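Okay, thanks everyone. I'd like to walk you through a protein that's probably new to most of you, so let's put it on the screen.

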Amino acid sequence: MSDDAVRPIIIKRKKVVGGDGHHGGAWKVAYADFVTAMMAFFMLMWLLNATTEKQRKGLADYFSPTIAVARVSGGGTGAFSGDSLMSEETLAQSGTGGFAELPPVGLTEQGLDGLDEATAARQMSDLEIAELGIIGRGGESLVQEMAKKHINTRLTDEGLVIEIFDLEGEPLFEPGTSKPTAIMNAISEILIEAFDLVTNNVAIAAHSEAFSPLLIQNPSWTLTTDRAQRTRELIEALGLDRDRISRVTGHGQQQPYLEDPMSVRNNRLEVTLLRSDYE
């Protein structure tokens with residue numbers, strides 16, 4: 001008898017299962033929803049980190065159904081003023097106030113820095129009037145409307161700080177000089193109209209971007225001093241009493257606005273309407 005006659009016969013049955021089985025492709029939909037939710041979560045975390053407190057307040061005011069939208073606290077473009085929330089080089093032009101019932105910034109029961117409450121309130125009210133005169137007025141020309149993109153205001157213990165800065169391709173002064181551009185001339189007209197609303201003294205400071213360390217002489221000190229002086233001459237020529245100028249300073253490249261010292265956003269002026277106790 002051969003080996004083939006006694007060899008057992010083995011039958012293999014292969015079970016074929018459908019790719020999706022009884023549950024179909026539901027897991028794919030669930031996974032896609034999970035990925036979308038995670039993406040939205042990380043975008044939210046990034047936005048919270050990339051925006052300022054004022055910009056987040058503007059968003060909250062806009063979507064609140066019980067509070068009327070205040071233009072001065074808006075963070076969007078167009079009718080709400082300001083720029084994109086994601087913009088690094090320009091800030092939303094959101095001033096303080098916007099709601100009549102809110103107290104002025106920095107005002108406490110004892111007033112500002114030891115001043116009596118009535119005096120402190122009057123000083124802050126005057127500065128807020130000047131601030132609204134800058135960010136609230138409509139441009140009389142296209143140049144003036146474009147110039148408003150270069151302005152950001154904030155109320156501090158020292159007074160109303162009006163920051164005027166370069167944008168990419170839109171400098172305040174001709175590169176490397178103190179010769180003002182059309183934008184700077186338009187901004188000077190906006191400033192003088194606001195300064196006429198109050199009697200506070202004015203301080204002018206200029207800052208610049210960093211220059212190459214390979215240069216034999218750093219031109220930033222001379223350049224910022226010349227630009228601050230030129231700004232003083234511009235607003236005096238438009239009618240500001242020269243006795244209201246308290247100081248004119250050039251800070252060189254020592255106080256950059258952005259971490260990148262070479263950014264054009266560091267080229268800026270800070271024109272401050274001083275409180276009486278800082279004059």
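So, a word about confidence before anything else. This is a predicted model, with a mean pLDDT of 75, and 66% of its residues reach 70 or more. Please watch residues 66-112, though, since the pLDDT there is below 50. That stretch still has 109 contacts in the model beyond near neighbours in sequence. Where pLDDT is low, the predicted coordinates should not be read in detail.

Now the overall layout. We have seven helices and five strands, and if you read along the sequence the pattern goes α-α-α-α-α-β-β-α-β-α-β-β. The protein has 279 residues, and 38% of them are buried. Of the contacts between residues at least 6 apart in sequence, 67% join residues at least 24 apart. As for the outside, the accessible surface is about 16500 Å², with 58% of that belonging to carbon and sulfur atoms.

Let's start with something on that surface. There's a nonpolar patch of about 1000 Å², and its members include W27, Y31, F34, M38 and L44. L44 sits in helix α2, which covers residues 26-50. Is L44 buried or exposed? Somewhere in between: its relative accessible area is 44%, so it counts as partly exposed.

Next, helix α7, residues 220-237. Its 18 residues should span 26 Å at 1.5 Å a residue, and the end C-alpha atoms are 25 Å apart, so that agrees. Among its buried residues are L223, A228, L234 and I235. What covers the buried residues of α7? The cover includes α6 and three strands, β3 (202-207), β4 (245-250) and β5 (268-274). Right after the helix comes G239, which has a positive phi, near 125°.

And since α6 just came up, let's go there. It has 14 residues, which should span 20 Å, and its end C-alpha atoms are 20 Å apart, so the expected span agrees here too. This helix is mostly covered, with 10 of the 14 residues buried. One of them is S188, and its relative accessible area is just 1%, so it's buried. Leaving out residues up to four places away in sequence, S188 touches L234, I235 and L238. L234 and I235 are also on the list of buried residues of α7.

On to the charges. How many salt bridges does the structure hold? Nine. In one of them, K149 meets E170 at 3.4 Å, N to O. That pair links distant parts of the chain: K149 is in the loop between α5 and β1, E170 is in the loop between β2 and α6, and they're 21 residues apart. K149 is partly exposed, with a relative accessible area of 31%.

Another bridge joins R268 and E270, at 3.7 Å. Both count as buried, because R268 has a relative accessible area of 6% and E270 is at 17%, where buried means under 20%. These two also belong to a network of salt bridges with R154, E163 and R265.

Last stop, the segment after β5, where you'll find S276. Its relative accessibility is 44%, so it's partly exposed. S276 is 75 residues from N201 in sequence, yet their C-alpha atoms are 7.8 Å apart in space.

That's my tour, and I'm happy to take questions.

Key. Residues numbered from 1 in each chain as written. Predicted model: local features only at pLDDT ≥ 70, side-chain atom pairs only at ≥ 80, totals over all residues. Heavy atoms only, no water. Patch = residues over 30% accessible without salt bridge, like charges linked within 9 Å, V, L, I, M, F, W, Y side chains within 5 Å. Areas by Shrake-Rupley, 256 points an atom, 1.4 Å probe, with all protein chains shown as cover. Salt bridge = Lys/Arg side-chain N within 4 Å of Asp/Glu carboxyl O. Helix = DSSP H or I, 4+ residues; strand = E, 2+ residues; numbered from the N terminus. Buried < 20%, exposed > 50% of the residue type's maximum accessible area, 1.4 Å probe, protein only. Contact = heavy atoms within 4.5 Å. pLDDT = per-residue confidence, 0-100. Expected span 1.5 Å × (residues − 1).
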